[in-house]
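User: I'd like to learn how to read a model like this one, feature by feature. Could you walk me through it?

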Amino acid sequence: MTIRFGLLGAARIGTVHARAVSSNARAELIAVADAMPDAASALAGQYGAQVRTIDAKSPLISTSSGSRPVSALSMRRVLR
């Protein structure tokens with residue numbers, strides 16, 4: 001079973017988390033979101049993930065099925 005992850009934040013620690021996820025054969029980085037879209041695009045491109053948007057005023061991440069609340073953690077399992 002592969003665990004799919006979405007990453008919030010594409011700065012220095014985000015790259016560390018992305019590397020950790022991609023190094024695990026049972027994990028897949030599927031989405032990256034950052035308040036700076038260029039940073040999210042660059043990191044997502046390195047790992048074949050999608051770029052998602054976040055609303056800096058509220059803890060939401062947009063997905064294909066609408067917006068969902070997210071935790072304050074840097075990494076969260078994405079169910080869809």
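Analyst: Gladly. Let's start with a term we will need: contact means heavy atoms within 4.5 Å. Take G9 as a case: leaving out residues up to four places away in sequence, G9 touches G14, A33, D34 and L43. This residue sits in the loop between β1 and α1. Keep in mind that the model is predicted.

User: How does the predictor's confidence vary, and which element has the lowest mean pLDDT?

Analyst: The average pLDDT of the protein chain is 78, and 68% of the residues score at least 70. Among the elements, strand β7 (residues 75–77) has the lowest mean, 40, while α2 has the highest, 95. Over residues 71–80 the pLDDT stays under 50, although the model has 30 contacts beyond four places in sequence for this stretch.

User: What pattern does the protein chain follow along the sequence?

Analyst: The pattern reads β-α-β-α-β-β-β-β-β, which comes to 2 helices and 7 strands. As for pairing, β1 and β2 run parallel and are joined by 6 bridges. One pair to look at is F5 with its bridge partner in β2, L29.

User: How should I read burial in a strand?

Analyst: The general idea is that in a regular strand the side chains alternate between the two faces of the sheet. Here, β2 is mostly covered, with 6 of its 7 residues buried. For the protein chain, buried residues make up 30% of the 80 residues. For a residue in β1, try R4: R4 is partly exposed, with a relative accessible area of 31%. Its C-alpha lies 8.7 Å from that of R26, and the two are 22 residues apart in sequence.

User: And a helix? Which residues of α1 are buried?

Analyst: Start from the geometry: an α-helix has 3.6 residues a turn, so residues three or four places apart point the same way. In α1 (residues 12–22) the buried residues are G14, A18 and V21. Seen down the axis, they fall within an arc of 65 degrees, so they line one face of the helix. The face turned away from that buried side carries the exposed residues R12 and I13.

User: Which residues are buried in α2, and what covers them?

Analyst: The buried residues of α2 are A40, L43 and A44. They span an arc of only 100 degrees around the axis, which puts them on the same side of α2. Their cover includes β1, α1, β2 and β3 (50–52). The face turned away from the buried side of α2 carries D38, G45 and Q46, which are exposed. Just after α2, have a look at the backbone of G48, where phi is positive at about 70 degrees.

User: Which residues form the largest nonpolar core?

Analyst: In soluble globular proteins, nonpolar side chains tend to be buried together. In this model the largest nonpolar core has 12 residues: F5, L7, A10, A18, V21, A27, L29, V32, A40, L43, A44 and A49. The elements giving two or more residues to this core are β1 (3–8), α1, β2 (27–33) and α2 (37–47). L43 is a good member to inspect: leaving aside neighbours within four places in sequence, L43 is in contact with L7, G9, A10, G14, T15, A18 and V32.

User: A10 is in that list. Is A10 buried or exposed, and where does A10 lie?

Analyst: A10 is buried, with a relative accessible area of 10%, and lies in the loop between β1 and α1. Not counting residues up to four places away in sequence, A10 touches T15, V32, A33, D34, A39, A40 and L43. By C-alpha atoms, A10 and S41 are 8.8 Å apart in space and 31 residues apart in sequence. In the same loop, G9 is partly exposed, with a relative accessible area of 22%. The C-alpha atoms of G9 and I54 are separated by 9.9 Å, with their positions 45 residues apart along the chain.

User: What share of the contacts joins residues far along the sequence, 24 or more positions apart?

Analyst: Such pairs account for 48% of the contacts in the protein chain with a separation of 6 or more. For the outside, the protein chain exposes about 5,200 Å², and carbon and sulfur atoms supply 56% of it.

Terms used. Residues numbered from 1 in each chain as written. Heavy atoms only, no water. Buried < 20%, exposed > 50% of the residue type's maximum accessible area, 1.4 Å probe, protein only. Helix = DSSP H or I, 4+ residues; strand = E, 2+ residues; numbered from the N terminus. Arc of directions from axis to C-beta. Core = buried A, V, L, I, M, F, W, Y, C linked by side-chain atoms within 4.5 Å. Areas by Shrake-Rupley, 256 points an atom, 1.4 Å probe, with all protein chains shown as cover. pLDDT = per-residue confidence, 0-100. Pairing = 2+ DSSP bridges.
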